[in-house]
Amino acid sequence: MLLADWLNQRQRRCTLCHELIHARHHDPGCGTRYGIKCERRCRRETALALISPVDYGMAETVYEGNTWMMAVELGVTIQVLNDYRQLLYDSGVCVQ
């Protein structure tokens, strides 16, 4: 696995975690008919692996929902943060 040199530290961390989850599940490539399902699962698991509920709650309070500031504080990308928020929404914990 190669990570692009231009990725910042948060992007590298999230990308590496995401790709390792794909590897753990032996996911086929994106172009397969299972690609969308695998990608959805991988994004969900990446968000759960990188964001703790306690840290998320504190960041939400401190930064009053500011997505960029929360992502920086949690050490993740905005995409991973939004995936985590979607998980909260889907589980009925949070309303957007």
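## Cysteines and a threonine of helix 2

In this predicted model, the sulfur of Cys38 and the closest cysteine sulfur, in Cys42, are 8.7 Å apart, which is too far for a bond.

**Exercise 1.** Work out how many disulfides the structure holds, and what the surroundings of Cys38 are.

*Solution.* Begin with the chemistry: a disulfide is a covalent bond between the sulfur atoms of two cysteines. The cut-off to apply is a pair of cysteine sulfur atoms within 2.5 Å, and the 8.7 Å from Cys38 to Cys42 is too far for a bond. Cys42 is likewise in no disulfide, since the nearest cysteine sulfur, that of Cys17, is 7.6 Å away. For the structure as a whole, the number of disulfides is 0. Next, place Cys38, which is found in helix 2 and counts as buried because its relative accessibility is 7%. Leaving aside its neighbours within four places in sequence, Cys38 is in contact with His22, Asp27 and Pro28, whereas its C-alpha atom is separated by 29 Å from that of Asn66, 28 residues apart along the chain.

**Exercise 2.** Determine whether Thr46 is buried or exposed, and which backbone oxygen lies 2.8 Å from a polar atom of its side chain.

*Solution.* Locate Thr46 in helix 2, which covers residues 35–50. Its relative accessibility is 2%, so Thr46 counts as buried. A polar atom of the Thr46 side chain lies 2.8 Å from the backbone oxygen of Cys42, and Cys42 is itself buried, with a relative accessible area of 0%. Finally, leaving aside neighbours within four places in sequence, the residues in contact with Thr46 are Cys14, Cys17, His18, Ile21 and Val80.

Methods: Residues numbered from 1 in each chain as written. Predicted model: local features only at pLDDT ≥ 70, side-chain atom pairs only at ≥ 80, totals over all residues. Heavy atoms only, no water. Helix = DSSP H or I, 4+ residues; strand = E, 2+ residues; numbered from the N terminus. Buried < 20%, exposed > 50% of the residue type's maximum accessible area, 1.4 Å probe, protein only. Polar contact = N/O pair within 3.5 Å; in protein donor to acceptor, adjacent residues only side chain to side chain. Contact = heavy atoms within 4.5 Å.
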